[in-house]
Amino acid sequence: MKTRYNIFALFFFVQILSSQVDCQGTDSCNSNLNLKNKPLFDASSFRCVSVWAAQNYILRYMQTDTKVWSFVLSAPNSNSFIGMGFSRDGKMEGSSAIVGWVSTDGSSRMKRYFLGGQSPEQVLPDQGNLQLVNVTSSIAAENSRIYMAFQLNTEMPSNRLIYSLGPNGRLPSPVNYRLSQHREHTSTFLDYTSGQSESKTPYANLRRSHGLLNMFSWGIVIPIGAMVARYLRQYDPIWFYSHTTIQSLGFLLGFAGIICGFVLEDRLSVDVDRHKALGIFILVLGCLQVIAFLARPGKESKVRKYWNWYHYTLGRVLILLAAVNIFYGIHLGDAGTAWNVGFAVTLFVLFTTAAILEIRMWMTTK
């Protein structure tokens, strides 16, 4: 009986120890803010909200005086800087931010920045319109997390908040404190009264336009135009005019979608080189198809068969690469399962229709 009791006691002790370790390594709004290096103001009764679930950013805040708002931002310590910005419209440009980091040697720093643009040269230290209560600002690393505490002199802080995470192992230099380009960022809307935080995807409408235009043009319209040319030849010359009209529409919409992509890349300053290169190559193939149409030899010409081979081959390569790049773009944009499933179902319908028409064509030509 005693042996069973000892085993049970040991198991119970291990479970308690394990739960303590887990609690130390994480932070949530269900846990108290028990830190060795406590903020220089009492944060025990602050409202708590998860503001960036993907990166496990936790924000605690409260209006602690007539014109003083206090904040404690908690984030995983990944040897990178963390930032919290206050924006007028949810965009980075023109906003002011608090950025902090803790080095591997234990040294720490927290500074104000003015975000004048997308490039590091336009992110200026010790500038911006945030008025800090400097004697109460602190930053510390505990339990594999960074806790950045500060107070603002303001009647009401902006509810358009942006958060950023710097690149691994690239902390600002103590020479000029210039920030490297962030690894991830998000824009949110915070209701200070209810404590509800809602993510706002930057340039959501432009992202949606870029995705829909390219998906509809290169991924749907162009394949339909190719099917018209292959399977409706008996309806001459209707098939030809239908084919050229559909492909022209697809090319114009695709061109607009790629232009949206260039604008989006410039505004977000993201690294999408592979996706961009594929998009440009697809656009080049589309331009070559337009040129091929304008330089199309007559049916009786000896080079017509080579032109046909060129036209068919480039068209098939374009359709295949477009489908691949669309799925890749959905992945990069983190658009979600619905976009993947929707486009996959559309491709399945087109492929099934093409297979049925192909079988029908083979049967009629025998």
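Two strands count as paired if DSSP finds at least two bridges between them. Keep that in mind for the tour, and remember that this is a predicted model.

**Stop 1: the middle of the sheet**

Select β3 (residues 68–76) and then β9 (residues 145–153). You'll find 9 bridges joining these two strands, which run antiparallel. For a single spot to zoom in on, pick F71, which stands opposite F150 in β9.

Stay on β3 for a moment. How many of the residues of β3 are buried? The count is 8 of 9, so the strand is largely enclosed by the rest of the structure. Buried here means under 20% relative accessible area.

**Stop 2: across to β2 and β1**

Now go to the other partner of β3. Strand β2 (residues 57–65) pairs with β3 in the antiparallel sense over 7 bridges. Follow the chain between β2 and β3 and you'll trace a hairpin, with 2 residues making the link. One pair to click on is Q63 and W69, where W69 in β3 is the bridge partner of Q63.

Next, add β1. It is joined to β2 by 5 bridges, and again the two strands run antiparallel. Here, look for W52, which faces Y57 in β2.

**Stop 3: the sheet as a whole**

Select all the strands of this sheet together. In what order do the 5 strands lie? Reading across, it's β1-β2-β3-β9-β8, an open sheet with antiparallel pairing. Its edges are β1 (47–52) and β8 (138–142), each of which pairs on one side only. Look along the sheet and compare neighbouring strands: on average they are turned by 20° against each other, ignoring direction. If you're wondering what holds such strands side by side, strands of a sheet pair through backbone hydrogen bonds.

**Stop 4: helix α4**

Jump to residues 273–294, which make up helix α4. Try a little check in your viewer. At 1.5 Å a residue, the 22 residues should span 32 Å, and the end C-alpha atoms are 31 Å apart, which agrees.

Colour the buried residues of α4: H275, G279, I282, L283, L285, G286, Q289 and A292. What covers them? The cover includes α2 (204–231), α3 (238–268) and α5 (304–332), so show those helices too.

**Stop 5: four histidines**

Select H210, H243, H275 and H311, which an unreviewed UniProt entry lists under "binding site". Do they gather at one spot or spread out? They span 102 residues in sequence and the farthest two C-alpha atoms are 27.9 Å apart, so they do not all gather at one spot. Of these residues, H243 and H311 are included in the lining of the second largest pocket.

Zoom in on H210, in helix α2. At 17% relative accessibility, H210 counts as buried. Setting aside residues up to four places away in sequence, H210 touches G257, C260, G261, L264 and H275.

That last contact takes you to H275, in helix α4. H275 counts as buried as well, at 16% relative accessibility. Beyond its neighbours within four places in sequence, H275 is in contact with H210, N325, Y328, G329 and L332.

**Stop 6: helix α6**

Finish at α6 (residues 337–365). With 29 residues at 1.5 Å each, the helix should span 42 Å, and its end C-alpha atoms are 42 Å apart, which agrees. Its buried residues are F343, L350, A354 and E358. Show α2 and α5 alongside, as both are among the elements covering those buried residues.

Definitions and conventions
Residues are numbered from 1 along each chain as its sequence is written. This is a predicted model: local features need pLDDT of at least 70, side-chain atom pairs count only at pLDDT 80 or more; totals for chains, interfaces and linings use all residues. Side-chain values use heavy atoms; hydrogens and water are left out. Helices (H or I, at least four residues) and strands (E, at least two) are DSSP runs, numbered from the N terminus. Axes are lines fitted to C-alpha atoms, for helices over the stretch in contact, and angles run from 0 to 180 degrees between N-to-C directions. The expected span of a helix is 1.5 Å times one less than its number of residues. Buried means under 20% relative accessible area, exposed over 50%, partly exposed in between (1.4 Å probe, protein chains only). Contact means heavy atoms within 4.5 Å. UniProt positions are given in the numbering used here, feature names are shortened, and annotations may be inferred rather than shown by experiment. On a 1 Å grid over the protein atoms alone, a cavity is a set of points where a 1.4 Å probe fits but cannot get out, and a pocket is an open set with protein on both sides within 12 Å along at least five of seven lines; lining residues have an atom within 4 Å of a point.
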